[in-house]
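Colleague: I am new to this structure and would like a close look at a single part of it, one helix and what surrounds it. Please take your time and connect that part to the rest as you go.

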Amino acid sequence: MTRLSCAWLLVLASTCADAREYAYSDAHLHYVDFFQESAGMDKLLKAMADNRIEHVMISGIPVAKKWHEDEPKRPRYYAGDDADAYWYSATDVIVAAAVNKLTPEQRPRFHPFLSGFNPNDKNSAAHIQRMLDLNPGLWQGIGEVFTRHDDLTALTSGDTPRANNEAMTRIYHLAAENDLPVMLHSNITSKREKNPLCLAEVEESLRNHPHTRFIWAHAGSSVEIHRHQTQMDFLLPTLARMLEAYPNLYIDLSWSVLTPYLLDDAGQPRAEWVKLVEHFPERFMLGSDVVGRFNKLGKELHSFDPFLDALPEDVARKVARDNFLAILPRTVVK
């Protein structure tokens, strides 16, 4: 072997030794899809084992998509046709049954969030309390709560939910009393408005409920917004201001934030987003946002690795795994 070959092998070995491997917490996972169906716990456990996913937030889907009488083919997704969706409380029963069947060794890796309620109904706080009483110690958070959610909002029966309506105010109080974080889906704007049109709804909730921990799903972004306006130029400065102002705000960096925000068109980390996460190292977490199918779970979380690699290693490991666990109720063994 030549000296050049030996030198190359040493460089390669050094590079491999320095490569990071992350353990993950998935902070945003739906056990069922919009038809309340799931690939099942065995598939989820395998995906976790194959991809170093140590913990998952596990929730249902708060609405079910109707297969309308006039539709000849069953839709595959909520946007598959114009039939509506409706609030579906049994989603939490499905999640509870799946989690309660886990072994004592598996159970601590799963963190169930309640989602099956109508965020427009002032009775919902009482419903959530009943669910907490029925399964003491099971539920570790509330959400994902669907408020402003693109076309899904338009398709869902009833009024448009707002993050700051009276029904949600009652829920935030209940969450604080029970030490439960709330994952909130509330788009920062509409598909065509190039300004933070709906931000006040989230900001009022944060300001009025300082003792409630909020996880803002997708940082207020969505793929539908991106289809109409590639990037929201105001998103990063808005997040920076809000994270400074509201210590109860946490950000879910699930897939619609990855591109076009965290990574550029060449797949390289954007320096301004790296700097933001470095400045607030305990306020960001990763989510796959898979719905009922788990074959792409690892791919979704590993897609964040280029961004994680650009962060200081201690910060990267917090974002990949620890920050989600830190936001859970104090009684949860982590």
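Modeller: Let us begin with helix H4, which covers residues 124-134 and whose buried residues are Ser124, Ala125, His127, Ile128, Met131 and Leu132. Looking down the axis of H4, one finds these buried residues within an arc of 160°, so they line one face of the helix. On the other side of H4, by contrast, Arg130, Asp133 and Leu134 are exposed. Please keep in mind throughout that this is a predicted model.

What do the buried residues of H4 pack against? They pack against helix H3 (90-100), strands E5 and E6, and helix H6 (166-177). Two of these partners, E5 and E6, belong to an open sheet of 8 strands, whose order is E1-E2-E5-E6-E7-E8-E9-E10 and whose pairing is parallel. At the edges of this sheet stand E1 (24-30) and E10 (284-285), each with a single partner strand, so one side of each has no neighbour in the sheet.

The edge strand E1 nevertheless has 7 of its 7 residues buried, so it is largely enclosed by the rest of the structure. Its pairing with E2 is parallel and is made through 5 bridges, and among the residues involved, serine 25 has histidine 55 of E2 as its bridge partner. From E2 (residues 53-59) the sheet continues to E5 (residues 110-114), again in the parallel sense, over 4 bridges, and here serine 59 stands opposite phenylalanine 113 of E5.

Further along the sheet, helix H7 (residues 199-208) packs on it and touches E7 (182-185), E8 (214-216) and E9 (249-252), with a direction that makes about 160° with that of E8. Helix H9 (residues 235-245) also packs on the sheet, where it touches E8, E9 and E10, and its direction makes about 145° with that of E9.

Strand E6, the other strand against which H4 packs, spans residues 141-146 and contains glutamate 144. The peptide bond that leads from glycine 143 into glutamate 144 is cis, with omega near 5°. A cis peptide bond also joins threonine 259 to proline 260, with omega about 15°, and proline 260 is found in helix H10 (residues 255-262).

Turning to the interior, in soluble globular proteins nonpolar side chains tend to be buried together. In this model the largest nonpolar core has 90 residues, and those with the most contacts inside it are Leu44, Ile58, Ile142 and Trp273. Leucine 44, apart from residues up to four places away in sequence, touches Leu29, Tyr31, Ile58, Phe110, Phe294 and Leu297. There is also a second, separate core of 13 residues, which includes Met57, Phe113, Leu325 and Ile327.

The loops deserve the same care, and the one between E7 and H7 holds serine 186. With a relative accessibility of 1%, serine 186 counts as buried, and its side chain makes a polar contact of 3.5 Å with the side chain of threonine 147. Once its neighbours within four places in sequence are left aside, the contacts of serine 186 are Thr147, Arg148, Ala163, Glu201, Val202, Trp216 and Gly220.

Another loop, between helix H8 (223-228) and H9, contains phenylalanine 234, which is buried at a relative accessible area of 14%. Phenylalanine 234 touches Ile188, Thr189, Lys194, Asn195 and Pro196, again not counting residues up to four places away in sequence. Its C-alpha atom is separated by 12 Å from that of glutamate 193, a residue 41 places from it along the chain.

Finally, two residues draw attention through their backbone angles. Arginine 52, in the loop between helix H2 (41-50) and E2, has a positive phi of about 60° although it is not a glycine, and with 34% relative accessibility it counts as partly exposed. Aspartate 289, in the loop between E10 and helix H12 (297-302), likewise has a positive phi, near 60°, in a residue other than glycine, but aspartate 289 is buried, with a relative accessible area of 16%.

Technical notes
Residues are numbered from 1 along each chain as its sequence is written. This is a predicted model: local features need pLDDT of at least 70, side-chain atom pairs count only at pLDDT 80 or more; totals for chains, interfaces and linings use all residues. Side-chain values use heavy atoms; hydrogens and water are left out. A nonpolar core is a set of buried Ala, Val, Leu, Ile, Met, Phe, Trp, Tyr and Cys residues joined through side-chain atoms within 4.5 Å. Buried means under 20% relative accessible area, exposed over 50%, partly exposed in between (1.4 Å probe, protein chains only). Contact means heavy atoms within 4.5 Å. Two strands pair if DSSP finds at least two bridges between them. Helices (H or I, at least four residues) and strands (E, at least two) are DSSP runs, numbered from the N terminus. Axes are lines fitted to C-alpha atoms, for helices over the stretch in contact, and angles run from 0 to 180 degrees between N-to-C directions. The arc is that of the directions from the helix axis to the C-beta atoms. A polar contact is a pair of N or O atoms within 3.5 Å; within protein, one must be able to donate a hydrogen and the other to accept it, and residues adjacent in sequence count only if both atoms are side-chain atoms.
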